[in-house]
Amino acid sequence: MSNIKSNVETLSSFFTRYYTTDTGLEAAEWIFNTLRAYAGNRKDIQVEYFEHPWLQPSVIARIVGAVSDDLVILGAHEDSINKGALGRAPGVDDDGSGSTCVLEVFRTLVSNNFKPNRTVEFHFYAYAYEIDRERENVE
């Protein structure tokens with residue numbers, strides 16, 4: 001429980017995690033570094049940024065499968081929103097809790113030396129709100 005509480009507190013300490021802000025970038029960097037720390041020296045784990053045209057990258061951690069090329073994805077969005085980049089948006093319930101859960105699943109699997117048959121990816125998405133808005137305008 002202490003990992004979950006600590007991670008929620010850290011994610012909610014950013015003024016906002018909005019995808020175009022410096023603190024949104026800092027939140028992505030914190031997620032990246034936390035995943036790297038959890039991964040340790042395991043050679044079957046990769047942690048990388050997925051760059052976008054906006055400031056905040058998405059973050060992907062991957063535990064390579066031993067048997068199959070099939071892919072299992074667990075994801076949450078790392079950004080938060082208030083009134084654009086203007087307001088404080090700690091985002092504990094949007095989506096700090098989801099990001100924290102995905103971090104905790106990753107940490108638990110790695111600490112128990114989980115070796116999947118299928119590759120498992122853990123995604124932390126940037127720009128989730130704007131993509132939803134774009135979908136609404138298209139449909």
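Here are some notes on the aromatic pairs, helix α1, the salt bridges and the surroundings of R42.

1. A word on the source before the details. This is a predicted model, and every value below is computed from it.

2. Let's start with the rings. The structure holds six aromatic pairs. In one of them, Y19 meets W54 edge-to-face, with the ring centres 5.8 Å apart and 90° between the planes. This pair joins distant parts of the chain: Y19 sits in the loop between α1 (2-13) and α2 (22-39), while W54 sits in the loop between β1 (45-50) and β2 (58-63), 35 residues apart.

3. Y19 has another ring partner. With Y127 it forms an aromatic pair that is also edge-to-face, at 4.4 Å centre to centre and 65° between the planes. Here too the pair links distant parts of the chain, since Y127 belongs to the loop between β4 (119-125) and α4 (128-138), and the two residues are 108 residues apart.

4. Are these two tyrosines buried or exposed? Y19 counts as buried because its relative accessibility is 11%, under the 20% cut-off. Y127 is buried as well, with a relative accessible area of 11%. Ring pairs join Y18, Y19, W54 and Y127 into a cluster, so have a look at these four together.

5. Next comes helix α1. Its 12 residues should span 16 Å at 1.5 Å a residue, and the C-alpha atoms at its ends are 16 Å apart, so the expected and modelled spans agree. Which residues of α1 are buried? They are N7, L11 and S12. Viewed down the helix axis, the buried residues fall within an arc of 125°, so they line one face of α1. On the other side of the helix, S2, K5 and S13 are exposed.

6. N7 is worth a closer look on that buried face. This residue lies in helix α1 and has a relative accessible area of 5%, so it falls under the 20% cut-off for buried. What does N7 touch, not counting residues up to four places away in sequence? The list is W30, Y38, T100 and L103.

7. The exposed side of α1 brings us to charged pairs. A search of the whole structure finds six salt bridges. One of them joins K5 to E9, with the closest N and O atoms 3.8 Å apart. Both residues lie in helix α1, four residues apart, which is about one turn of the helix. K5 is exposed, with a relative accessible area of 54%, whereas E9 counts as partly exposed at 45% relative accessibility.

8. Another salt bridge has a buried setting. E121 pairs with R62, and their closest N and O atoms are 2.7 Å apart. The two residues come from distant parts of the chain, E121 from strand β4 and R62 from strand β2, 59 residues apart. Both sides of the pair are buried: E121 has 9% relative accessibility, and R62 has 15%. The picture extends to E48, because E48, R62 and E121 are linked in a network of salt bridges.

9. D70 and R118 make a further salt bridge, at 3.3 Å from N to O. D70 lies in the loop between β2 and β3 (71-77), and R118 lies in the loop between α3 (92-111) and β4, so the pair ties together parts that are 48 residues apart in sequence. D70 is partly exposed, with a relative accessible area of 40%. R118 also counts as partly exposed, at 44% relative accessibility.

10. Finally, please turn to R42. Where is R42 placed? R42 is found in the loop between α2 and β1, and at 15% relative accessibility this loop residue counts as buried. Its side chain is joined to that of D44 by a polar contact of 2.7 Å. Leaving aside neighbours within four places in sequence, R42 is in contact with I63, L109, V110, N113, F114 and K115.

Technical notes
Residues are numbered from 1 along each chain as its sequence is written. This is a predicted model: local features need pLDDT of at least 70, side-chain atom pairs count only at pLDDT 80 or more; totals for chains, interfaces and linings use all residues. Side-chain values use heavy atoms; hydrogens and water are left out. Rings of Phe, Tyr and Trp (its six-membered ring) pair if their centres lie within 6.5 Å; planes under 30 degrees apart count as stacked, over 60 as edge-to-face and the rest as tilted. Buried means under 20% relative accessible area, exposed over 50%, partly exposed in between (1.4 Å probe, protein chains only). Contact means heavy atoms within 4.5 Å. The expected span of a helix is 1.5 Å times one less than its number of residues. The arc is that of the directions from the helix axis to the C-beta atoms. A salt bridge is a side-chain nitrogen of Lys or Arg within 4 Å of a carboxyl oxygen of Asp or Glu. A polar contact is a pair of N or O atoms within 3.5 Å; within protein, one must be able to donate a hydrogen and the other to accept it, and residues adjacent in sequence count only if both atoms are side-chain atoms.
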